[in-house]
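Trainee: Let us go through this model by question and answer, starting from one residue's contacts.

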Amino acid sequence: MALFGNAHTINPATAQQDYERLLGQGEQVHAAFLLIRDTILFTDRRLILVDKQGITGKKTEYHSVPYRSITHFAVETAGTFDLDAELKIWISGNPTPLQKMFTKGVDIYEVQAILTQFVAR
């Protein structure tokens with residue numbers, strides 16, 4: 001289970017500045033979410049998963065997923081005893097979904113709506 005209250009939205013303009021080295025020319029961040037140490041960026045071209053690794057978090061993996069590669073996705077809302085919501089994303093050619101946990105600090109319906117906007121293009 002994730003720590004309570006640590007997940008939240010990030011101002012897209014702040015995320016644009018913080019992650020400008022990852023972005024292509026003219027690419028814009030439309031939404032961003034911080035999940036404990038990891039970050040999810042929704043740009044106009046792709047989904048970027050920033051995965052901090054190790055104890056110090058200095059090692060970082062940047063996973064770039066073009067929206068056209070997403071075959072389907074699912075959200076699981078938080079329950080009474082399971083307070084985390086979950087996002088699962090299936091990428092073409094991979095039977096195992098990418099999974100990210102969200103605490104109550106993030107509206108999972110907002111995440112799903114943003115993903116729908118970009119995948120359904």
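Trainee: What does L47 touch, not counting residues up to four places away in sequence?
Mentor: This is a predicted model, where local features need pLDDT of at least 70, side-chain atom pairs count only at pLDDT 80 or more, and totals for chains, interfaces and linings use all residues. Residues are numbered from 1 along each chain as its sequence is written, and side-chain values use heavy atoms, with hydrogens and water left out. Contact means heavy atoms within 4.5 Å. With that sequence exclusion, L47 touches I40, L41, F42, H63, S64, V65, Y67, I70 and I89.

Trainee: Which element gives the most to the largest nonpolar core?
Mentor: Such a core is a set of buried (under 20% relative accessible area, 1.4 Å probe, protein chains only) Ala, Val, Leu, Ile, Met, Phe, Trp, Tyr and Cys residues joined through side-chain atoms within 4.5 Å. The largest has 21 residues, and F33, F42, L47, F102 and V111 have the most contacts inside it. At least two residues each come from β2, β3, β4, β7 and α2 (108-119); helices (H or I, at least four residues) and strands (E, at least two) are DSSP runs, numbered from the N terminus. With 5 residues, the top contributor is α2.

Trainee: Why does the salt bridge of K100 and D38 tie together parts distant in sequence, and how many residues apart are they?
Mentor: A salt bridge puts a side-chain nitrogen of Lys or Arg within 4 Å of a carboxyl oxygen of Asp or Glu, and here the N to O distance is 3.3 Å. Both K100 and D38 are buried. Because K100 lies in strand β8 and D38 in strand β3, the pair ties together parts of the sequence that are apart by 62 residues.

Notes. Buried means under 20% relative accessible area, exposed over 50%, partly exposed in between (1.4 Å probe, protein chains only).
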